[in-house]
Amino acid sequence: MSVDLEPEFQRTPEGTVFRDLNGNGVMDPYENPGLPVAERVEDLLGRLSLEEKVGLMFQTVVSAAENGKLGYETPRPSQATVQQVVADKYINHLNLHFVPEPKLAARWVNELQRMATSSSPHGIPVTLSTDPRHSFIENWGASFTAAYFSAWPEPLGLAAVRDEQLVREFAAIARAEYTAIGIRAALHPTLDLATEPRWARQYSTFGQDKDLVARLALAYLEGFEDQPLGAGSVACMAKHFPGGGPQRDGEDPHFPYGREQVYPGGMFEHHLEPFKRIIAHGVTAIMPYYGMPIGLELDGEPVEEVGFGYNRQIITGLLREKLGYDGVVCTDWGLVTESRLFGRQLPPRAWGVEHLSETERVLKIIEAGCDQFGGEESPELVVALVRDGRLSEARIDTSVRRLLKVKFELGLFDNPYIDEIQAEERTGLPEYVAAGQRAQARSVTVLKNEISDGSALLPLASGLRVFSDGLSPDVLTEAGLIPAADPADADVAIVRVAAPFEFRDTYMLEASFHAGSLEFDSETTNRVQQLAAVLPVILVPHLDRPAVLTPLEPHCAAIAAVYGASDIAVLQALTGIVPPEGRLPFQLPRSEAAVIASRPDVPGDTKDPLYECGFGLEL
């Protein structure tokens, strides 16, 4: 976007272009793009009111307007409008949920940045963040489908390929698509280890192997952040410190029944390893998890049994002092106030401190060592603490320095605007889509490949007649196969199934979290068995969690697991057009009883697994 279109851009007598953010006609030090970031931060910090400082410490959820015009957003129940959040509360870190088509998204972002510049005394630009939105799972508490962006396998699928260069390629393309519509912060990667098979968040991890997770995490940061941070970077927020995998009974701490995090195998340090590696690399931000540690000791001292975002021993003692991290720490979303949407509620995830008032919770989070409140928009609580003398402004300054540093490094103070025409031209490019589809096919993990005479069924030969009630005839034809409407007329059947879960819908968001038993119901088992009596069956399970395939496996001639893959990508792998390379990123248990008996902090701890982590056949 040409700077000539924006009235705040000025030139000094020497010809230097700068944004006159406070409207005084002079290039103040914080407006000078030629000064070191540290000097600009200190200059601006000294000019900010307490209210402006505290506004930086909050990051709340917004959605862009469908028509691309600021002020036309879907109403936010019981919450302030986007304009009120930015102009009145001085909140300028926004977590973007709904995004319209790229050109309209870019228009909305530019209008948002103009409003932020004109309404803030010092013209602080907005940093827009997002949860992952380059794959297939739609869970607006954790991830979004690709929509206008290129579609890739979930991180589990990237882990199945075990190729750092593929992860760098993905991250670089995702960075290009994010920046095209003004997204400059990623609320990922997820570095939790997938050690409890029932846990709902495994699909966004890189699996159970700490060394693989660490290697892929570094490649991920290299592709997104492109260190040092600059005008083309997307700042990453790695999560969930100190590792969110060891959940009691596999339940998720978004919800009251899943708040406890346990370590019966004594492997707390094991879960820290990926975080140690990205801290050494210099990750921009880290998010602690909701979980509340039970029975944990550090350096011989019992750890307070409160959520990690409230826990000074974890945030200050471990993360900051022992591991030496001095970047931004942002809490997970909604630790302080209740969330409510469409009549559904979700209590604040104030695990272990439910008895505290909202003001007391805010104080405990800051004293723990956190810099920013995720999913909250109540800066008045922090302002009151300072005004009442319970919290020093110097402590606020410590956090604000970290937050401003990132904004300056990203170049947002120098030019936060994006080209609305190029937004469409830089997203969903054919080469991006093709790269994502190829990665989907590569991630397919072949677990079984034989028919009754012992010969291999895969790769499928061109011209085979295929029965499938989950694949369209057009896709089968595109892959060189012949659709068959009846199993009796087919050579082979392809059955796509999702990993089982128990549907729950008591709390807001709960229906989007696949939790509970990993065993298939009798209807699915009978369906596969009946087809297998007629013709060879290829089972294609989507493993967002490690499903118990034991009752299905004997009836299948081939099993090819996926972690987010379109029908055409699946068929490219099954036909060998794109050779499947996947290796299981986690162990597949033989039974639900084995899962229940396993220790949630120990990787691959189920007895006599059906398939071990790392298993995968070549075609």
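What radius of gyration does the protein chain have, and what value would a compact globule with 619 residues have? In this predicted model, the protein chain has a radius of gyration of 25 Å, and a compact globule with 619 residues would have one near 25 Å, so the two agree. Along its principal axes, the C-alpha trace extends over about 80 × 55 × 45 Å. The secondary structure of the protein chain consists of 18 helices and 22 strands.

Burial and contacts were examined over the protein chain. Of its 619 residues, 61% count as buried. Among contacts in the protein chain with a separation of 6 or more, 74% are made by residues 24 or more positions apart. The accessible surface amounts to about 22,100 Å², and carbon and sulfur atoms contribute 49% of that surface. The protein chain carries 53 positive and 88 negative charges, and the mean positions of the two sets lie 2 Å apart.

The nonpolar interior was considered next. In soluble globular proteins, nonpolar side chains tend to be buried together. The largest nonpolar core of the model comprises 131 residues, of which Trp108, Leu112 and Ile278 touch the most other members. Helix α7 (residues 210-225) supplies the largest share of this core, with nine residues. Another core lies apart from it and has 33 residues, including Phe520, Val528, Val537 and Leu549.

Leu112 illustrates the surroundings of one member of the largest core. This residue is located in helix α4, which covers residues 102-119. Leu112 counts as buried because its relative accessibility is 0%, the limit for burial being under 20% relative accessible area. When neighbours within four places in sequence are set aside, the contacts of Leu112 are with Leu70, Val82, Val86, Leu94, Val126 and Leu128. A further spatial relation links Leu112 with Tyr417: their C-alpha atoms are 9.6 Å apart in space, although 305 residues separate the two in sequence.

A second buried position is Ala174, in helix α6 (residues 164-180). The relative accessible area of Ala174 is 0%, and the residue is therefore buried. Apart from neighbours within four places in sequence, Ala174 is in contact with His134 and Phe224. Between Ala174 and Val234, the C-alpha to C-alpha distance is 9.3 Å, with a sequence separation of 60 residues.

Helix α10 spans residues 358-368, and its buried residues include Arg361, Val362, Leu363, Ile365, Ile366 and Ala368. Packing partners of the buried residues of α10 are the helices α9 (312-322), α11 (379-387) and α12 (393-409), together with strand β16 (373-374). Following α10 is Gly369, with a positive phi near 120°.

Backbone geometry was also examined at individual positions. Two cis peptide bonds are described here. One runs from Lys239 to His240, with omega near 0°; His240 belongs to strand β7, residues 235-241. Another joins Leu458 and Pro459, with omega about 0°. Pro459 is placed in the loop that lies between β17 (445-449) and β18 (465-467).

Positive phi values also occur in residues other than glycine. For Tyr90, phi is positive and near 60°. Tyr90 sits in the loop between helix α3 (82-88) and strand β4 (93-96). With a relative accessibility of 21%, Tyr90 counts as partly exposed, since residues are termed buried under 20% and exposed over 50%. Asp299 likewise is not a glycine, and its phi is positive at about 55°. The loop between β11 (297-298) and β12 (301-302) contains Asp299. The relative accessible area of Asp299 is 69%, and this residue is therefore exposed.

Note on methods:
Residues numbered from 1 in each chain as written. Predicted model: local features only at pLDDT ≥ 70, side-chain atom pairs only at ≥ 80, totals over all residues. Heavy atoms only, no water. Helix = DSSP H or I, 4+ residues; strand = E, 2+ residues; numbered from the N terminus. Rg over C-alpha atoms; globule rule 2.2 N^0.38 Å. Buried < 20%, exposed > 50% of the residue type's maximum accessible area, 1.4 Å probe, protein only. Contact = heavy atoms within 4.5 Å. Areas by Shrake-Rupley, 256 points an atom, 1.4 Å probe, with all protein chains shown as cover. Lys, Arg positive; Asp, Glu negative; His and termini not counted. Charge placed at Lys NZ, Arg CZ, Asp CG, Glu CD. Core = buried A, V, L, I, M, F, W, Y, C linked by side-chain atoms within 4.5 Å.
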